[in-house]
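This briefing is addressed to a reader at the bench who wishes to inspect a single protein chain. It proceeds by topic, and the sequence and structure are shown below.

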Amino acid sequence: WSTFGLLPAPVSFSANANNIAKQTVVTFGAAGTYHFLVTITDAEGLWTGAAVTVTVDQTLAALALSPASATIFQNAQQQFTASASDQFGNVMATPTLDWAVASGNGSIDSSGLFTSSTPPGSATITASAGGVTGATSITIANAPPTIAVAAAVGANPVSAVSTQLSVLGADDAGESNLIYRWSAIGTVPAPVIFSDNNTNSAKNAIASFDAPGMYDLQVTIFDA
């Protein structure tokens, strides 16, 4: 057995140049069209020959998802893509895929756009086509709170014994998930009493003072 013409890739034969090669297995290296010539020779050197053409179809064998792993915050999005390879490990056109969240929280649309949800955790993403499935993982992390509206004082300087304090945070799990803690820092003339503290409603609180002077107040925002 031999080949002729332009080959997509080299081939190999399980048996050749002997009597048992009348039945041989050819192994291909790539999809495409191959032209074969078989020459049959007897003991006296007389011969005959025949040609055969074989077309090897490109068949989906693997799907690789990208990114291979990712970390995002709650209620955020991550775009996934997939690359396809054939039975020879060569890149091929990516077919239409069925995306799914195989485990964990979140959802994914037909384009591979994943949307995380709460609580934090992880999810396994799959893409499938033609009986072939690729998978990847994503970690859903808890983002620290941020300041949406800076801390403010209702009256400053204070002419009475109290003043209004306000602040507003933001969180990937929602503002209602936040706890506001007010405190006095440094050396203060006297203790400060807060009408509300260590609660979500403490984003609006009244600070009451027992002595005149300079007070440095701090608010710390925690999520649940």
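**Structural briefing**

An open sheet is built from three strands in the order 1-4-5, with antiparallel pairing. Its edges are strand 1 (2-4) and strand 5 (47-56), each of which pairs on one side only. From one strand to the next, the twist averages 35°. The model described here is predicted.

**Strand pairing**

- Strands of a sheet pair through backbone hydrogen bonds, in either a parallel or an antiparallel sense.
- Strand 4 (residues 32-41) is joined to strand 5 by ten bridges, and the two strands run antiparallel.
- Within this pairing, Leu37 has Ala51 in strand 5 as its bridge partner.
- Strand 6 and strand 9 are also antiparallel and share six bridges; here Leu63 stands opposite Ala84 of strand 9.
- Strand 9 pairs in addition with strand 10 (residues 91-92), again antiparallel, through two bridges.
- In that second pairing of strand 9, Ser85 stands opposite Val91 of strand 10.
- Strand 9 and strand 10 form a hairpin with four residues between them, and Gly89 in the turn has a positive phi of about 85°.

**Nonpolar core**

- In soluble globular proteins, nonpolar side chains tend to be buried together.
- The largest nonpolar core of this model comprises 20 residues, and those with the most contacts inside it are Trp99, Phe114 and Ile138.
- At least two residues of this core come from each of strand 6 (60-66), strand 7 (69-73), strand 9 (81-86), strand 14 (121-129) and strand 15 (132-141).
- Strand 14 provides the largest share of the core, namely four residues.

**Largest pocket**

- Rolling a probe the size of a water molecule over the atoms shows where empty space is left.
- The volume of the largest pocket is about 410 Å³.
- Its lining consists of 22 residues, of which Asn156, Val158, Phe209, Gly213 and Tyr215 are the closest to the centre.
- The elements that contribute two or more residues to this lining are strand 16 (146-153), strand 17 (162-170) and strand 21 (216-223).
- By class, the lining of the largest pocket contains 17 nonpolar residues, four polar residues and one charged residue.

**Second largest pocket**

- The second largest pocket encloses about 250 Å³ of space.
- Its lining is made up of Trp1, Asn16, Ala17, Asn18, Asn19, Ala21, Lys22, Val38, Thr39, Ile40 and Thr41.
- Five of these lining residues are nonpolar, five are polar and one is charged.

**Backbone geometry**

- Most residues other than glycine have a negative phi, and most peptide bonds are trans.
- Ala17, although not a glycine, has a positive phi of about 60°.
- Ala17 is situated in the loop between strand 2 (12-13) and strand 3 (26-27), and is also among the residues that line the second largest pocket.
- Asn198 likewise is not a glycine and has a positive phi of about 60°; its place is the loop between strand 19 (192-194) and strand 20 (204-209).
- The peptide bond from Ser66 to Pro67 is cis, with omega near 0°, and Pro67 belongs to the loop between strand 6 and strand 7.
- Thr118 and Pro119 are likewise joined by a cis peptide bond, with omega about 0°.
- Pro119 is found in the loop between strand 13 (113-115) and strand 14.

**Exposure of loop residues**

- Is Ala17 buried or exposed? Ala17 counts as exposed because its relative accessible area is 80%, and the cut-off for exposed is over 50%.
- Asn198 has a relative accessibility of 41% and therefore counts as partly exposed, the class between under 20% and over 50%.
- Gln23 lies in the loop between strand 2 and strand 3; at 68% relative accessibility, Gln23 counts as exposed.
- Gln23 and Phe13 are ten residues apart in sequence, and their C-alpha atoms are 10.0 Å apart in space.

Conventions
Residues are numbered from 1 along each chain as its sequence is written. This is a predicted model: local features need pLDDT of at least 70, side-chain atom pairs count only at pLDDT 80 or more; totals for chains, interfaces and linings use all residues. Side-chain values use heavy atoms; hydrogens and water are left out. On a 1 Å grid over the protein atoms alone, a cavity is a set of points where a 1.4 Å probe fits but cannot get out, and a pocket is an open set with protein on both sides within 12 Å along at least five of seven lines; lining residues have an atom within 4 Å of a point. Grid points are joined across faces, edges and corners, and a volume is the space filled by probe spheres set on the points. Ala, Val, Leu, Ile, Met, Phe, Trp, Tyr, Cys and Pro count as nonpolar, Asp, Glu, Lys and Arg as charged, and the others, Gly among them, as polar. Two strands pair if DSSP finds at least two bridges between them. Axes are lines fitted to C-alpha atoms, for helices over the stretch in contact, and angles run from 0 to 180 degrees between N-to-C directions. A nonpolar core is a set of buried Ala, Val, Leu, Ile, Met, Phe, Trp, Tyr and Cys residues joined through side-chain atoms within 4.5 Å. Buried means under 20% relative accessible area, exposed over 50%, partly exposed in between (1.4 Å probe, protein chains only).
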